[in-house]
Amino acid sequence: MAKHKKKPESKDQMALSGHLKELRNRVAVCVVCLVGAFLVCLNYAPVIVEFLTDMGKAYGYQYIYVAPQELLMQHFSISLLASVCVTFPVLLYQIWAFVRPGLSKKENLVFVLAVTFGLLCFLVGVYFAYEIMLPFMLEFLIGVSAGTEIAASITVANYITFLLTMFVIFGIVFELPVLSVMLTQLGLVKVEWMKKGRRFIIVVIFFVAALITPPDIVSQVMVAVPMLGLYEVSIILCTILSKLKRKKQKTEEEEEDEKETAESADEAKAKE
């Protein structure tokens, strides 16, 4: 009986299998870290929920839950979100470690800087929401029912969802400078477009501010002004980086021209 010989794997197949194995291992590390962090955070979920609800209690909020499992589900939701936040650096490192071999030194540096500044901007946005916007919003919203016979019955789920939504919105808003720099560096957006579109952007920013804030002009302005400031910061950063990029390209072109001139001179001497 003839025996069938196994065909040797090609280099491409071996490389692909190696990449898949590495990807599987890195995903497994992320899952293990996420599950471990979730279990730890679940133990502290009641403390986190109490910390968030205490902010509203200072303005007279009283909470209820309308389903037997509602409070427990909030503990799970908070634990999941907290575990993602805690393990986010690990997740980013695993992503970076996987794609790092295919990136140049410059691309690796850009990736690390973008992630670092992106995280910092997100944290600043969350802090801005916690310290400035949420106290104002909570006081305004509870004050709507003041002097009326309408009592507020606020569920824990709705209250915590509101807070977390505000944290995410302001965290994303404060990512505007990082996003603008990345888009301009990739050539998808030009600084000139950002400067010419100021009037349109101002209208859009005030429209967005009106959507995410209570219906009063003060809160809208409190949100819109930082957003406008971030937009101007984005223009300044993109302008500086664009000038540096053009200067570098010009230097490289001059060096290339000098090199070609020198080679032409050497060829002319050789012919003589």
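These legends go with a handful of close-ups of one predicted model. Local features need pLDDT of at least 70 and side-chain atom pairs count only at pLDDT 80 or more, while totals for chains, interfaces and linings use all residues. Residues are numbered from 1 along each chain as its sequence is written, and side-chain values use heavy atoms, with hydrogens and water left out.

**View 1. A nonpolar patch on the surface, with V31 as one of its members.** Together, L20, L23, V27, V31, V35 and L39 offer about 510 Å² of accessible area. Areas here come from the Shrake-Rupley method with a 1.4 Å probe, and for residues only the protein chains shown count as cover. A patch takes residues with over 30% relative accessible area and no salt bridge, joining like charges within 9 Å and nonpolar side chains (Val, Leu, Ile, Met, Phe, Trp, Tyr) within 5 Å. V31 sits in helix 1, residues 11–57. Helices (H or I, at least four residues) and strands (E, at least two) are DSSP runs, numbered from the N terminus. With a relative accessibility of 45%, V31 is classed as partly exposed; buried means under 20%, exposed over 50%, and partly exposed in between (1.4 Å probe, protein chains only).

**View 2. Two salt bridges within helix 1.** The structure has three salt bridges in total, each one a side-chain nitrogen of Lys or Arg within 4 Å of a carboxyl oxygen of Asp or Glu. R26 and E22 make one of them, at 3.1 Å from N to O. They are four residues apart in helix 1, or about one turn, and E22 is partly exposed at 24% relative accessibility. D54 and K57 also pair up, with an N to O distance of 3.8 Å. Those two are three residues apart in helix 1, so about one helical turn separates them. An α-helix has 3.6 residues a turn, so residues three or four places apart point the same way. D54 is partly exposed at 36%, and so is K57, at 48%.

**View 3. A salt bridge between helix 7 and helix 8.** The closest N and O atoms of E232 and R198 are 2.9 Å apart. Because E232 lies in helix 8 (residues 217–271) and R198 in helix 7 (residues 198–212), the pair ties together parts that are 34 residues apart in sequence. Both ends are partly exposed: E232 has a relative accessible area of 32%, and R198 comes in at 31%.

**View 4. Helix 2 and its kink at T87.** Helix 2 covers residues 70–99, 30 in number, and reaches 41 Å from first C-alpha to last, close to the 44 Å expected at 1.5 Å a residue. That expected span is 1.5 Å times one less than the number of residues. The kink at T87 is about 50 degrees and falls shortly before the proline P89; a bend is the angle between axes fitted to the seven residues ending at a position and the seven starting there.

**View 5. Aromatic pairs, including Y61 with Y159.** Rings of Phe, Tyr and Trp (its six-membered ring) pair if their centres lie within 6.5 Å, with planes under 30 degrees apart called stacked, over 60 edge-to-face and the rest tilted. By this rule there are seven aromatic pairs. Y61 and Y159 form a tilted one, 6.1 Å centre to centre with 50 degrees between the planes. This pair links distant parts of the chain, 98 residues apart: Y61 is in the loop between helix 1 and strand 1 (63–64), and Y159 is in helix 4 (residues 156–173). Y61 is buried at 8%, as is Y159 at 3%.
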